[in-house]
Amino acid sequence: MKYEVRRFFIVIFSLFAFVHSDADNHVGGYVTKKIERQSLQDREKKEVQSKKYLRPKVIIVTTGGTIAEKDDPKTGGAVPAVSGKDLIQAVPGLGKLADIDVVQFSNIDSSHMTPELWRNLSEKVDGVLQDSRVKGVVVTHGTDTMAEGAYFLDITLKSNKPVVFVGAMRDASDLSPDGPANIYNAVLQVISPEAQKFGVTVTLNQFINSARYVRKTETTNVQTFNSGENGYLGYIAMGKVHKFHDRVPAIKLPLPKKLANVALLKTYAGDDGNFIRYAVDTGIKGIVIEAVGAGNVNEQVAAAIEYALSKSVVVAIATRVLNGSVYPIYGDVGGGKALQKMGAILVGDMTSPKARLLLMLALSNNRCAQEIRGYFRF
Ligand code: ASP
C-alpha cells in the first residue's frame, strides 16, 4: 500500500513538475514574450525619446498678422482668426525638421502693435531662449510693423540665439497662402549652422534680411521685404541656407521697465512746425523728424526744432527717401549741416520708425544726447 501511495505521489509530482515546467514554459514563454515585448516597447520609446531629445527644439511665438488672418463674411475683410497651434499644423513636414513648441503671445494685426507689446515680447522670447535645448525662436508677426518689431528685439534681446521674424502677404483663406512655406523656411534657418550669427532677422519669400536694414517696400506683393543698398544676409533654397554676409554689428540696450515717450513727425512742403511745438508741449522726451532729401527742413520747422532743443528734447533727423543716408551737406537754414550744428542728431541710413525705437530705448536707459549720437553712426 505504502509503495502504491508513494508511486502515486511520485507520478502526481512528476506530472506537476512537467506541467508546471511546460506551463512555466508556456506561462514562462508567455511571460517572457510579454517581458520581451515590454522591453522592446520601452526600448522603442526610449529611442523615440532620445531621437526627440536629439532633434533641435524650436519655439514658435505667434503674435498675429495676415499669416493668421482669414476672410470674415461679417466685415468682408481679413481678420485675426487662426490660432498658433492651427498655424503650425498647417505646415507639412515641420515636425521632421525640429521639435516644435508653440507659444501664443497675441493674435492681432500688427497695425495694432505697440512698443509696450514689443517690450513684453522681448521678455517672453528671452525667457524661452534660456532653455539650453532651445536652438532658437520663430516669431510670427504681421508685416506692416514687422521691421520695427524685429529691430526692437534686435536691440533688447540678451540671448544671441537665432530669432526669425516671419509672416505672410496672403492670408490663410487666400489662394496659395505664402505663410506655411515662410514658417518652414524660418525653422530651417533657426537650425542651420550657417545662420547662427545673423541675430534677429526678417525672413519672407526665401530672402533673409537683417532687422537693422529691413523695410517693407510693397503693400501686397509677397516679395515685399528688402534691405536696400545693404543687401540680404542670405537666401533659402533646396532646403538649405545660402549665406551672403555675417550680421551687422548690433547696438544692445537693456530692456527698460518703462518706455520714454518719443514722437515721430513727417515734414512736408509748407510745414509751419506747429505739430512739433505741440508735441514738445505734451512732454515728449524725444522726437524723430522725417525730413526731405539728405535730411533738410524749411525755416519754420528749423525754428520749431530749435524750440524743442531749448526744452531738452532730443531731436533726431531721418529722411523720407528710400535709399541712402542723411548727411550734413546743406548749410543754409534747415539744411542738415545747420541742424547738426544746432544740436540735432542725424540718423544716417536708419528708417524713421526704427530711429524712433532706438531713441526711445536709449532715453529709457537715460543715455545722453552725446551717447545717442554714437548709436546712430552704426
Ligand atoms: N495688416 C497685416 C499686418 O501687419 C499685414 C500683413 O501681415 O501682411 O498685420
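This report walks through a ligand site, two helices and two single residues in a predicted model.

## Around the ligand

Let's start with the ligand. Its surroundings are made up of Gly65, Thr66, Asp109, Ser110, Gly142, Thr143, Asp144, Ala168 and Met169. Sorted by character, this shell holds 5 polar, 2 nonpolar and 2 charged residues.

Three of these neighbours place a polar atom beside a ligand oxygen. For Thr143, an N or O atom of the side chain sits 2.5 Å from an oxygen atom of the ligand. Thr66 also uses its side chain, with a polar atom 2.9 Å from a ligand oxygen. Ala168 takes part through its backbone instead: a polar atom there is 2.9 Å from an oxygen atom of the ligand. On its own the ligand has 260 Å² of accessible area, and the protein covers 90% of that.

## Helix α4

Next comes helix α4, which runs over residues 115–129 and so counts 15 residues. From the first C-alpha to the last, α4 reaches 21 Å, close to the expected 21 Å at 1.5 Å a residue.

Which residues of α4 are buried? They are Pro115, Trp118, Arg119, Leu121, Ser122, Val125, Asp126, Val128 and Leu129. The cover over these buried residues includes the strands β1 (57–62), β5 (134–140) and β6 (163–166), along with the helices α5 (146–156) and α10 (352–364).

## Helix α5

Helix α5, one of the elements covering α4, is itself mostly covered, with 11 of its 11 residues buried. Among them are Met146, Glu148, Tyr151, Phe152, Asp154 and Thr156.

What lies over the buried residues of α5? The cover includes the helices α4 and α10, together with the strands β6, β7 (200–204), β9 (215–216) and β10 (225–226).

## Two residues to compare

Thr140 belongs to strand β5. Is Thr140 buried or exposed? Thr140 is buried, because its relative accessible area is 0%, and buried means under 20%. Setting aside neighbours within four places in sequence, Thr140 is in contact with Ile60, Val61, Thr62, Thr63, Gly64, Ile67, Leu87, Val166 and Ile183.

Ser14 can be found in helix α1, which spans residues 2–54. With a relative accessible area of 37%, Ser14 is partly exposed, because that value falls between the 20% limit for buried and the 50% limit for exposed. You can also look for Ser14 and Val103 in the model: they are 89 residues apart in sequence, and their C-alpha atoms are 67 Å apart in space.

Methods: Residues are numbered from 1 along each chain as its sequence is written. This is a predicted model: local features need pLDDT of at least 70, side-chain atom pairs count only at pLDDT 80 or more; totals for chains, interfaces and linings use all residues. Side-chain values use heavy atoms; hydrogens and water are left out. A residue is near a molecule or strand if one of its heavy atoms lies within 4 Å of it. A polar contact is a pair of N or O atoms within 3.5 Å; within protein, one must be able to donate a hydrogen and the other to accept it, and residues adjacent in sequence count only if both atoms are side-chain atoms. Accessible areas come from the Shrake-Rupley method with a 1.4 Å probe; for residues, only the protein chains shown count as cover. Ala, Val, Leu, Ile, Met, Phe, Trp, Tyr, Cys and Pro count as nonpolar, Asp, Glu, Lys and Arg as charged, and the others, Gly among them, as polar. Helices (H or I, at least four residues) and strands (E, at least two) are DSSP runs, numbered from the N terminus. The expected span of a helix is 1.5 Å times one less than its number of residues. Buried means under 20% relative accessible area, exposed over 50%, partly exposed in between (1.4 Å probe, protein chains only). Contact means heavy atoms within 4.5 Å.
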